[in-house]
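Here are a few exercises to work through with the model open in your viewer. Try each task before you read its solution.

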Amino acid sequence: MNGKEEAKKAYDKEYYQKNKGKINKRCRDYNKKNKGKIKRYFKKWYQDNNGREYMVNYRALHPVRHWATNSINSHKKSGYTINFSLDDLEHLGKCTTSCIYCECELHYILGKGQRTDGPTLDRIDNNIVLDIRDTQIICKKCNFSKQNRAHKEFILYCKKVGGLCESY
Ligand SMILES: [Zn+2]
């Protein structure tokens with residue numbers, strides 16, 4: 001990339017950061033209006049370009065992004081409002097390589113069965129509206145134990161269990 005291209009890329013990035021809300025809304029509106037057209041276009045592209053192989057390769061090359069896409073979609077389907085972008089969650093995923101509670105290593109590759117050390121998006125304080133600062137990534141086992149508890153509540157619960165177990 002030459003200097004001119006780099007400057008253009010930096011300008012585009014800055015422009016996007018400043019106008020993120022407006023741009024995302026425009027994209028959402030466009031997608032809503034052209035749902036059928038987009039679906040048909042994607043279907044044709046998928047058939048003409050061996051889409052299955054492309055998707056398999058893409059997932060292998062970008063496991064965190066793929067995980068982030070699935071997590072955002074499943075939370076939206078469950079009725080949560082997501083106030084962050086795919087890029088934000090991908091970044092959080094790339095920075096989170098182990099579970100903050102049990103410290104097990106997190107494996108982002110999906111499709112290998114239901115791994116208990118798989119990463120899950122956790123709502124720190126159990127809110128319905130999710131901001132990136134209220135979000136953390138923890139392993140499936142810990143998330144299952146935490147259930148709908150807020151972070152502090154879960155820590156108190158763990159301390160209680162730990163305290164009870166000391167007498168054994
Ligand atoms: Zn864990």
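**Exercise 1. Decide whether Glu-103 is buried, partly exposed or exposed, then look at its backbone.**

Start with the neighbour count: Glu-103 has 9 C-beta neighbours inside 10 Å, and a residue with 12 or fewer goes down as exposed, so Glu-103 is exposed. Keep in mind that you're working on a predicted model. Next, place the residue: Glu-103 sits in the loop between helix 5 and strand 2. Finally, check phi. For Glu-103 the angle is positive, about 65°, even though the residue isn't a glycine.

**Exercise 2. Do the same job on Gln-147: find its place, its exposure class and its phi.**

Step one is the location, and Gln-147 turns up in the loop between helix 6 (140-146) and helix 7 (151-166). Step two is the count: 10 other C-beta atoms lie within 10 Å of Gln-147, so this residue is exposed. Step three is the backbone, where Gln-147 has a phi near 50°, a positive value in a non-glycine residue.

**Exercise 3. Work out how helix 4 and helix 5 are oriented relative to each other.**

First get the geometry. The axes of helix 4 (residues 63-77) and helix 5 (residues 86-95) come within 9 Å, crossing at roughly 125°. Now classify the angle: 65 to 115 degrees would be roughly perpendicular and over 145 roughly antiparallel, so the pair ends up oblique. As for handedness, the crossing of helix 4 and helix 5 is right-handed.

Then list who does the touching. Helix 4 contributes Val-64, Arg-65, Trp-67, Ala-68, Thr-69, Ser-71 and Ile-72, while helix 5 brings Leu-86, Leu-89, Glu-90, Gly-93 and Lys-94. Sorted by class, that contact holds six nonpolar, three polar and three charged residues.

**Exercise 4. Zoom in on Leu-86: which residues does it contact beyond its neighbours within four places in sequence?**

Leu-86 belongs to helix 5. Its contacts, with those sequence neighbours set aside, are Ala-68, Thr-69 and Ile-72. With 14 other C-beta atoms within 10 Å, Leu-86 falls in the partly exposed class. For a longer hop, try Ile-137: Leu-86 is 51 residues from it in sequence, and their C-alpha atoms are 14 Å apart.

**Exercise 5. Find the largest nonpolar core and say which element gives it the largest share.**

The largest nonpolar core has 13 residues, and the ones with the most contacts inside it are Ala-68, Cys-99, Leu-106, Ile-138 and Cys-139. At least two residues of this core come from helix 4, and at least two from strand 4 (135-139). Helix 4 has the largest share, with four residues. For background, nonpolar side chains in soluble globular proteins tend to be buried together.

Now pick out two of the cysteines. Cys-139 is found in strand 4. It counts as buried because it has 25 C-beta neighbours inside 10 Å, and 20 is enough. Leaving out residues up to four places away, Cys-139 touches Cys-99, Cys-102, Cys-104, Leu-106, Thr-116, Asp-117, Gly-118, Pro-119 and Thr-120. With that same exclusion, Cys-99 touches Cys-104, Leu-106, Ile-138, Cys-139 and Cys-142.

**Exercise 6. Where does Ser-98 lie, and what does it contact?**

Ser-98 lies in the loop between helix 5 and strand 2 (119-123). Skip its neighbours within four places in sequence, and the contacts of Ser-98 are Glu-103, Cys-104, Glu-105 and Leu-106. Count next: Ser-98 has 15 other C-beta atoms within 10 Å, so it's partly exposed. As a last distance check, the C-alpha atoms of Ser-98 and Lys-146 are 17 Å apart, with the two positions 48 residues apart along the chain.

Note on methods. Residues numbered from 1 in each chain as written. Predicted model: local features only at pLDDT ≥ 70, side-chain atom pairs only at ≥ 80, totals over all residues. Axes fitted to C-alpha atoms, helices over the stretch in contact; angles between N-to-C directions. Parallel < 35°, antiparallel > 145°, perpendicular 65-115°, else oblique. Left-handed = near helix turned anticlockwise from the far one by under 90°. Contact = placed C-beta atoms within 7 Å. Nonpolar A, V, L, I, M, F, W, Y, C, P; charged D, E, K, R; others polar. Core = buried A, V, L, I, M, F, W, Y, C linked by C-beta atoms within 7 Å.
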